[in-house]
Amino acid sequence: MKLEQETYQQNKQSLGKLNQSITPPESAGFFSTLRVFLGPGALVAVGYMDPGNWITSVIGGASYRYSLLFVVLLSSLMAMQLQQMAGKLGIVTQQDLAQITATNLAKPFRYILFIIIELALMATDLAEVIGSGIALHLLFGWPLTFSICITILDVFLLLLLLKFGVQKIEALVTTLIFTILIIFLYLVILSKPDFQSLFRGYFPSASLIESHPNTENTPLTLALGIIGATVMPHNLYLHSALSQTRKVDTTSTISLQKSIRFMTWDSNIQLTLAFIVNSLLLILGASLFYGHSSQVSAFSQMYNALSNNRIVGTIASSFLSTLFALALLASGQNSTITGTLTGQVVMEGFLHLRLPQWLIRLITRGLALLPVLILSILFGSQEKILDQLIVYSQVFLSVALPFSIFPLIYFTSRKKYMGVFVNAKWNTYLAYTIASLLSILNIKLIINLFING
């Protein structure tokens with residue numbers, strides 16, 4: 001087992017070239033140090049505002065108004081807790097979650113877990129492919145199948161970006177995050193939401209668990225979709241790798257404490273931005289499209305609705321719909337950067353493969369592209385089918401999430417791996433409670449899907 005781990009460390013190539021490339025100042029003020037640590041959290045946060053979030057959040061708002069804002073808030077708090085654990089694991093052990101899991105699992109269990117995580121990555125990439133493809137289709141009028149196929153160029157764009165170093169990627173991603181934030185803030189301001197009902201939405205409601213047998217997207221389905229789109233399994237693997245890109249003296253407890261502290265600041269700041277974006281998405285769906293959920297169940301329908309005076313009233317304009325499509329494209333491009341990076345981390349971590357970066361990324365993207373292309377060819381321009389596929393891909397992510405959460409909690413709660421940085425007891429118990437509750441809800445969701453057909 002020890003020899004296997006050493007071999008992996010020697011052969012690791014995905015983020016290994018970027019590891020410990022940035023040295024934090026030893027004696028600097030809070031903000032100077034924070035500026036050095038800012039960045040990895042942005043790469044993680046984009047996974048919390050990808051096209052999968054758009055469909056689930058906007059449809060959630062259009063279907064149940066502001067009541068699902070509580071789920072957005074709960075998901076964001078869960079994400080902050082879990083991402084802090086993932087980042088801490090990487091800093092203290094200098095191993096990512098895929099590596100430490102594979103090293104400590106018997107081969108059959110390792111391969112089973114790899115398949116589940118790889119399917120989750122496909123579900124993640126599927127949302128990015130569909131979102132980017134539809135955005136190109138809406139903006140330029142290209143055929144949908146062609147627009148989806150052209151998204152494979154994202155792979156080569158990422159290879160080009162890697163030549164400039166991790167900080168350049170972080171800067172680009174941060175710029176796109178603020179672009180999305182500004183666009184949706186502007187759209188929500190124009191939509192004039194009901195603030196009293198909006199704030200009530202951040203508190204739990206009994207309507208979240210009510211049964212709606214005749215509704216295609218029940219509150220539970222959308223709630224789990226929001227959780228799956230927000231707390232994404234692949235981000236736990238990515239953050240545990242990215243947290244190692246700042247040089248740390250692993251022999252110094254003080255240095256480790258400092259790194260964990262500023263990693264947590266970076267993660268929570270970026271995830272707060274993601275929480276705001278996700279809230280804005282749901283608020284936009286509630287303010288503009290409530291009562292018209294059947295007319296905005298696809299990206300193109302949302303795009304067209306923003307130009308429809310009967311739905312959004314006097315604020316409608318082609319300019320708003322163009323902004324929507326640009327934000328969708330930015331979201332898809334942002335997410336593909338982190339999705340393909342994670343694909344390499346997971347594949348190398350679990351299988352210890354020594355493949356070229358471009359080939360691993362091409363395999364990950366190709367696996368996600370295949371089902372989307374088949375559906376787009378079979379159903380042509382019926383984008384609603386593709387968008388519904390996004391909703392259920394996010395539900396699958398929620399189902400797959402416990403398979404990543406439980407190993408993460410286990411390793412970060414053991415002194416054998418974490419030493420003095422082991423999780424506090426309350427943190428461990430809370431995390432296990434969340435993972436268990438999510439698993440129970442997933443079982444209920446699966447039962448509901450079978451009962452309701």
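## Close-up views of an all-helix predicted model

**View 1. Helices H6 and H20 are roughly perpendicular to each other, because an angle of 65 to 115 degrees earns that description (under 35 degrees would be roughly parallel, over 145 roughly antiparallel, and the rest oblique)**. This is a predicted model, in which local features need pLDDT of at least 70, side-chain atom pairs count only at pLDDT 80 or more, and totals for chains, interfaces and linings use all residues. Residues are numbered from 1 along each chain as its sequence is written, and side-chain values use heavy atoms, with hydrogens and water left out. The axes of H6 (residues 97-104) and H20 (residues 402-412) cross at roughly 80 degrees and come within 11 Å. Here axes are lines fitted to C-alpha atoms, for helices over the stretch in contact, and angles run from 0 to 180 degrees between N-to-C directions. From H6, look for Leu97, Ile100, Thr101 and Asn104, which meet Ser404, Pro407, Leu408 and Phe411 of H20; contact means heavy atoms within 4.5 Å. The residues of this contact divide into five nonpolar, three polar and no charged. In that count, Ala, Val, Leu, Ile, Met, Phe, Trp, Tyr, Cys and Pro are nonpolar, Asp, Glu, Lys and Arg are charged, and the others, Gly among them, are polar.

**View 2. The whole protein chain has 22 helices and zero strands**. Helices (H or I, at least four residues) and strands (E, at least two) are DSSP runs, numbered from the N terminus. Of the 453 residues in the chain, 59% count as buried; buried means under 20% relative accessible area, exposed over 50%, and partly exposed in between (1.4 Å probe, protein chains only). Among contacts between residues at least 6 apart in sequence, 84% join residues at least 24 apart.

**View 3. Trp54 is among the residues with the most contacts inside the largest nonpolar core**. A nonpolar core is a set of buried Ala, Val, Leu, Ile, Met, Phe, Trp, Tyr and Cys residues joined through side-chain atoms within 4.5 Å. The largest one has 121 residues, and Phe184 and Phe299 join Trp54 as those with the most contacts inside it. Helix H14 (residues 253-289) gives this core its largest share, 16 residues. A second, separate core of six residues includes Ala123, Met232, Leu397 and Ala400. Back at Trp54, and leaving aside its neighbours within four places in sequence, the contacts include Met49, Ile59, Phe184, Leu281, Phe299 and Phe324.

**View 4. Helix H4 (residues 51-64) is largely enclosed by the rest of the structure, since 13 of its 14 residues are buried**. The end C-alpha atoms of H4 are 20 Å apart, which agrees with the 20 Å that its 14 residues should span at 1.5 Å a residue. That expected span is 1.5 Å times one less than the number of residues. Arg65 follows H4 and has a positive phi, near 55 degrees.

**View 5. Helix H7 (residues 107-140) has 34 residues**. From its first C-alpha to its last, H7 reaches 48 Å, close to the 50 Å expected at 1.5 Å a residue. Just after H7 comes Gly141, with a positive phi of about 75 degrees.

**View 6. Gln81 and Met85 both lie in helix H5 (residues 69-93)**. Gln81 is buried, with a relative accessible area of 13%, and Met85 is buried too, at 0%. Not counting residues up to four places away in sequence, Gln81 touches Asn427, Leu430, Ala431 and Ile434. On the same basis, Met85 touches Leu408, Ile409, Thr412, Asn423, Asn427 and Ala431. Met85 and Phe411 are 326 residues apart along the chain, yet their C-alpha atoms are separated by 9.5 Å.

**View 7. Tyr432, in helix H22 (residues 425-451), is a partly exposed residue**. Its relative accessible area is 25%. Tyr432 touches Phe406, Ile409, Tyr410 and Ser413, not counting residues up to four places away in sequence. The C-alpha atoms of Tyr432 and Ile405 are separated by 8.4 Å.

**View 8. Gln94 and Lys192 are loop residues with a positive phi**. Most residues other than glycine have a negative phi. Gln94, in the loop between H5 and H6, has a phi near 55 degrees and is buried at 17% relative accessibility. Lys192, in the loop between H10 (166-191) and H11 (195-200), has a phi of about 50 degrees and is exposed at 70% relative accessibility.
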